[in-house]
Amino acid sequence: MHLGTQKNDLLGLDGVDPDTLTALLDAAEARVPMAEGVEPAPATLAGRLVANFFFEDSTRTRCSFAAAAQRLGANVVNLAGEGSSMSKGETLADTARNIAAMGVDTIVMRHAASGAALLVARAVDIPVINAGDGRHEHPTQGLLDILTLRRRLGSIRGRTIGIVGDIANSRVARSALFGLTTLGAKVILVGPPTLVGAAFTRIGAGPAMVRVEHDLDAVLPELDAVMMLRIQLERAAGGAIAADYRQLYGLSPDRMERLPAHALVMHPGPLNRGIEIDSAVADHTSRSVILAQVAMGVAVRMAVLEWALRG
Ligand code: CP
């Protein structure tokens, strides 16, 4: 799936059809009690080996893939850029081929370069799961965001979801946009013109489902959920952000009150508290679903690993 290979790679949500998305979400839903440790999980991946390739830092994605694999009885081997033979000039493709030659069953991969997961997927004959590649996609984040919304709102079709902030540099925004619009939600992308241009209405389902706005206060009353994005200082967005970013686009308690009473607050993490989101909002007991998103990440990754390895 998505694509360019005949294996069960998951490289992005762009082009994934609604039935496949729904099947993955349903499979993840069934795994929630097991991901939370409330019920024992079946050892469906016993004897399988998952390689966690993280060439860029991660807390949530790396740990939840490891937790998901281990809950299902698989073992995990870890490889980071630092300490690998890539420091001696070995290419990413050769590194992946060597790991695959050790009998690994799937590669979960994060990399700073957009397209790195596709490159590795073409180099090996085992499934590759993109755990975030540059500005391109972060498909399991998109799935966990949608699963969180579906559980809290009851449905995705007809909902309006705001994604706010550094859209230009955000793989999270792209995967959420593709998945949400495929399932019938409207997405409003909000941010300064330097970080979200009108061209974004031409990706995914197009202008019928995607809007670009620059005035957050005007948009908030329309939303069923608002997804605040992290300002990605490591992708050089910091230089493009005016000093008044927080004043214009930060989610403060006053701004949160402009949302409809049922609307949810989301953030993929890690948080820049006091920049894109205030602590009083991030930690709000009824509005914020930020830690619920993290919990759904384990269930989604259990479902994705089973799909990749078992079909
Ligand atoms: N949301 C997310 O991808 O977090 P990590 O960078 O910690 O994995």
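How much area do domain 1 and domain 2 bury between them, and what share of it is on carbon and sulfur atoms? In this predicted model, the two domains bury about 2200 Å² between them, and 57% of that area is on carbon and sulfur atoms. On the side of domain 1, the residues that lose the most area to domain 2 are L25, R135 and E137, which together account for 32% of what that side buries.

The division of the protein chain that underlies these values assigns residues 18-137 together with 297-310 to domain 1, while residues 139-293 form domain 2. The centres of the two domains, taken over C-alpha atoms, are separated by 25 Å, and the contact between them involves 27 residues of domain 1 and 24 residues of domain 2.

Polar and charged interactions were also counted across this boundary. Between domain 1 and domain 2 there are 3 salt bridges, and 10 residue pairs are in polar contact, with both residues of each pair at pLDDT 80 or more. Several elements of domain 1 supply at least two residues each to the side that touches domain 2, namely the helices α1 (18-35), α2 (60-71) and α11 (290-310) and the strands β3 (106-111) and β4 (128-133). Of these, α1 gives the most, contributing 9 residues to the side of domain 1 that touches domain 2. When the residues of this side are sorted by class, 11 are nonpolar, 7 are polar and 9 are charged. As for individual salt bridges in the model, one joins the side chains of E56 and R171, with a distance of 2.9 Å from N to O.

The surroundings of the ligand were examined next. The residues around the ligand are S58, T59, R60, T61, R110, H138, Q141, P268 and G269. A polar backbone atom of T59 is 2.8 Å from an oxygen atom of the ligand, whereas in the case of H138 it is a polar side-chain atom that lies 2.9 Å from a ligand oxygen atom. For G269, a backbone N or O atom lies 3.3 Å from a nitrogen atom of the ligand.

Besides surrounding the ligand together with the other residues named above, G269 takes part in a cis peptide bond, which runs from G269 to P270 and has an omega near -5°. By way of background, most peptide bonds are trans. P270 itself is found in the loop between strand β9 (264-266) and helix α10 (279-282).

Definitions and conventions: Residues numbered from 1 in each chain as written. Predicted model: local features only at pLDDT ≥ 70, side-chain atom pairs only at ≥ 80, totals over all residues. Heavy atoms only, no water. Domains from an automatic or database assignment. Contact = heavy atoms within 4.5 Å. Buried area = accessible area lost by both parts, 1.4 Å probe. Salt bridge = Lys/Arg side-chain N within 4 Å of Asp/Glu carboxyl O. Polar contact = N/O pair within 3.5 Å; in protein donor to acceptor, adjacent residues only side chain to side chain. Helix = DSSP H or I, 4+ residues; strand = E, 2+ residues; numbered from the N terminus. Nonpolar A, V, L, I, M, F, W, Y, C, P; charged D, E, K, R; others polar. Near = heavy atom within 4 Å.
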